[in-house]
Amino acid sequence: MESLRIIDTWPVPTAAAAVVVRADGTVLGTHGPTAHRFPLASVTKPLAAYAALVAYEEGAIELDEPAGPEGSTVRHLLAHTSGLAFDEHRVTAPPGNRRLYSNAGFEVLGDHIAKATGIPFPEYLRQAVLEPLAMTSTSLDGSPARDGVSTVDDLVRFAAEVQAPRLLDPRTVLEAQSVVHPGLKGVLPGYGHQNPNDWGLGFEIRDSKSPHWTGASSSPATFGHFGQSGTFLWIDPAAGAACVALTDRAFGPWAAEAWTPFTDAVLAEIAG
């Protein structure tokens, strides 16, 4: 795909990208060192969320069982509505009241699953998601909120799984990409206040957010995540495609300027 070559113009030391399309997992194109391991930052969260959903389907946890602050559940933690602060284990709002993006919430979630399964969460993620998908270059080296390391090649496998689930019931994945606690306001890190600030279970949902890190032509159903290490993964059901881009430069104005036209170019080439 010619559109993927746009990453060569990005002001980053290293970048790699790929597009995987439709239910058969066909890779339409790749560019850059797709086997290079990059820190994922918050692109770790969808992987952690997927492991949580495996734990749910295995019966180790329930989505609506208590977890985190008083009144909070596993579902609240996955949807950033537990009331926990961004990076502190401190309650700042009642559960379900606001969309407070929270690394601490995912850390509580990881601890909750480890206690329920008797397996440290990084190992549970490996057994539940990484190993079955042959994501052999991916690891979680700390917090389930931000300490994943992976490659474009591995995340292509994950993107194909989310589009055509084998590890989970497709109905569970559909729930994960649907809005949880609709209508809540909140701040999308790097992009400011959004009303509403819609999220699913571990996946951010584009809807009508503006500004946003996906494309101007991305469908409202687009979901995924970006990371402060200059990384993103989006899946656009309307286009029947997913895109992964990993870099080794921290998110900043360069990314906000570069990512939207890149995604629009990718979607135009897919449509063409």
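**View 1. Helices α1 and α4 cross in this predicted model.** Angles of 65 to 115 degrees count as roughly perpendicular. Here the axes of α1 (residues 44-58) and α4 (residues 121-130) cross at roughly 75° and come within 9 Å, so the two helices are roughly perpendicular to each other. On the α1 side, look for Leu47, Ala48, Tyr50, Ala51, Val54, Ala55 and Glu58. Their partners on α4 are Phe121, Tyr124, Leu125, Ala128 and Val129. It's a greasy crowd: eleven of the contact residues are nonpolar, none is polar and one is charged.

**View 2. A look into the largest pocket.** This pocket holds about 180 Å³ of space. Its lining takes in 16 residues, and the ones closest to the centre are Ser42, Tyr101, Pro189, Phe226 and Gln228. If you're hunting for the element that gives the most to the lining, go to strand β9 (residues 223-227), which puts in three residues. Sorted by class, the lining is a mix of eight nonpolar, five polar and three charged residues.

**View 3. An open sheet of three strands.** Follow the order β3-β5-β4, with antiparallel pairing. The edges belong to β3 (38-41) and β4 (139-140), each of which pairs on one side only.

**View 4. Zooming in on β4 and β5.** Two bridges join β4 to β5 (residues 148-150), and the two strands run antiparallel. To get your bearings, find Leu140, which stands opposite Gly148 in β5. As a reminder, strands of a sheet pair through backbone hydrogen bonds.

Methods
Residues numbered from 1 in each chain as written. Predicted model: local features only at pLDDT ≥ 70, side-chain atom pairs only at ≥ 80, totals over all residues. Heavy atoms only, no water. Axes fitted to C-alpha atoms, helices over the stretch in contact; angles between N-to-C directions. Helix = DSSP H or I, 4+ residues; strand = E, 2+ residues; numbered from the N terminus. Parallel < 35°, antiparallel > 145°, perpendicular 65-115°, else oblique. Contact = heavy atoms within 4.5 Å. Nonpolar A, V, L, I, M, F, W, Y, C, P; charged D, E, K, R; others polar. 1 Å grid on protein atoms, 1.4 Å probe; cavity = no way out; pocket = protein on both sides within 12 Å on 5 of 7 lines; lining within 4 Å. Points joined across faces, edges and corners; volume = space filled by probe spheres on them. Pairing = 2+ DSSP bridges.
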